[in-house]
Amino acid sequence: MAKRFIPTLNRILVEKILPPSKTTAGILLPESSAKLNSGKVISAGPGLRTNEGKTIPTSVKEGDTVLLPEYGGTQVKLDDKEYFLYRDEDILGTLHDN
């Protein structure tokens, strides 16, 4: 049975997207090639609370593809899979297929 992890406050659980190691033609790509540090949002916390008790929701939702900082995040291992936990303000942006 898979665990369901719900982050607290403004934290975001992300599964990093690994860049392909070779092209569709079978050419191996060097690890140092330009890679996009991105991930898929697995779960997002409810958001921060203001002094008045109102909730400011997180800027991303489950399923979003996000751009991540090169460094940071807290590594979390659930059901033998590796995830990273970021604060909402650490997420650099969302990626769309337009």
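This passage describes the strands, cores, salt bridges and loops of a predicted model.

The central feature of the description is an open sheet of six strands, in which the order is β6-β7-β1-β2-β5-β8 and the pairing is antiparallel. At the edges lie β6 (74-78) and β8 (93-95), each of which pairs on one side only. From one strand to the next, the twist averages 45°.

Two of the pairings can be followed residue by residue. Strand β1 (residues 11-17) and strand β2 (residues 38-44) run antiparallel and are joined by six bridges. Within this pairing, Ile12 is found opposite Ala44 in β2, and Glu15 has Lys40 in β2 as its bridge partner. Strand β2 is also joined to β5, again in an antiparallel manner, by three bridges. Here Gly39 stands opposite Val66 in β5. In a regular strand, side chains point alternately to one face of the sheet and the other.

The largest nonpolar core consists of nine residues: Ile12, Val14, Val41, Val60, Val66, Leu68, Phe84, Tyr86 and Ile91. Two elements, β1 and β7, give two or more residues to this core. A second core, separate from the largest one, has five residues, among them Leu13, Leu78, Tyr83 and Leu85. Val66, a member of the largest core, has a long list of contacts once neighbours within four places in sequence are left aside. These contacts include Val14, Val41, Val60 and Ile91, which are themselves members of the largest core. Val66 is also in contact with Asn37, Ser38, Gly39, Gly93, Thr94 and Leu95.

Two salt bridges are found in a search of the whole structure. In one of them, the side chains of Lys81 and Glu15 meet, with an N to O distance of 3.1 Å. Lys81 belongs to strand β7 (residues 81-87) and Glu15 to strand β1, so this pair ties together parts of the chain that are 66 residues apart in sequence. Both residues are partly exposed: Lys81 has a relative accessibility of 38%, and Glu15 has one of 24%. Glu15 thus appears in two settings, as the bridge partner of Lys40 in β2 and as the acidic member of the salt bridge with Lys81.

The other salt bridge is formed by Asp64 and Lys61, whose closest N and O atoms are 3.2 Å apart. Asp64 counts as buried because its relative accessible area is 15%, a value under the 20% limit. Lys61, by contrast, counts as exposed, at 55% relative accessibility. A further link between these two residues involves the backbone: a polar atom of the Asp64 side chain lies 3.0 Å from the backbone nitrogen of Lys61.

Asp64 is placed in the loop between β4 and β5. If residues up to four places away in sequence are not counted, Asp64 touches Gly39, Lys40, Val41 and Thr94. Gly63 lies in this loop as well, between β4 (55-56) and β5 (65-67). Unlike the buried Asp64, Gly63 is partly exposed, with a relative accessible area of 40%. Apart from neighbours within four places in sequence, Gly63 is in contact with Lys40 and Val41. The C-alpha atoms of Gly63 and Val41 are 5.2 Å apart in space, although 22 residues separate the two in sequence. Lys40 and Val41 are therefore touched by Asp64 as well as by Gly63, and both fall within the range of strand β2 (residues 38-44).

Backbone angles were also examined at two positions. Leu9 has a phi near 50°, which is a positive value in a residue other than glycine. Leu9 is located in the segment before β1 and is partly exposed, at 42% relative accessibility. Asp80 likewise is a residue other than glycine with a positive phi, near 65°. Asp80 is located in the loop between β6 and β7, and its relative accessible area of 75% makes it exposed.

Note on methods
Residues are numbered from 1 along each chain as its sequence is written. This is a predicted model: local features need pLDDT of at least 70, side-chain atom pairs count only at pLDDT 80 or more; totals for chains, interfaces and linings use all residues. Side-chain values use heavy atoms; hydrogens and water are left out. Helices (H or I, at least four residues) and strands (E, at least two) are DSSP runs, numbered from the N terminus. Buried means under 20% relative accessible area, exposed over 50%, partly exposed in between (1.4 Å probe, protein chains only). Contact means heavy atoms within 4.5 Å. Two strands pair if DSSP finds at least two bridges between them. A polar contact is a pair of N or O atoms within 3.5 Å; within protein, one must be able to donate a hydrogen and the other to accept it, and residues adjacent in sequence count only if both atoms are side-chain atoms. A salt bridge is a side-chain nitrogen of Lys or Arg within 4 Å of a carboxyl oxygen of Asp or Glu. A nonpolar core is a set of buried Ala, Val, Leu, Ile, Met, Phe, Trp, Tyr and Cys residues joined through side-chain atoms within 4.5 Å. Axes are lines fitted to C-alpha atoms, for helices over the stretch in contact, and angles run from 0 to 180 degrees between N-to-C directions.
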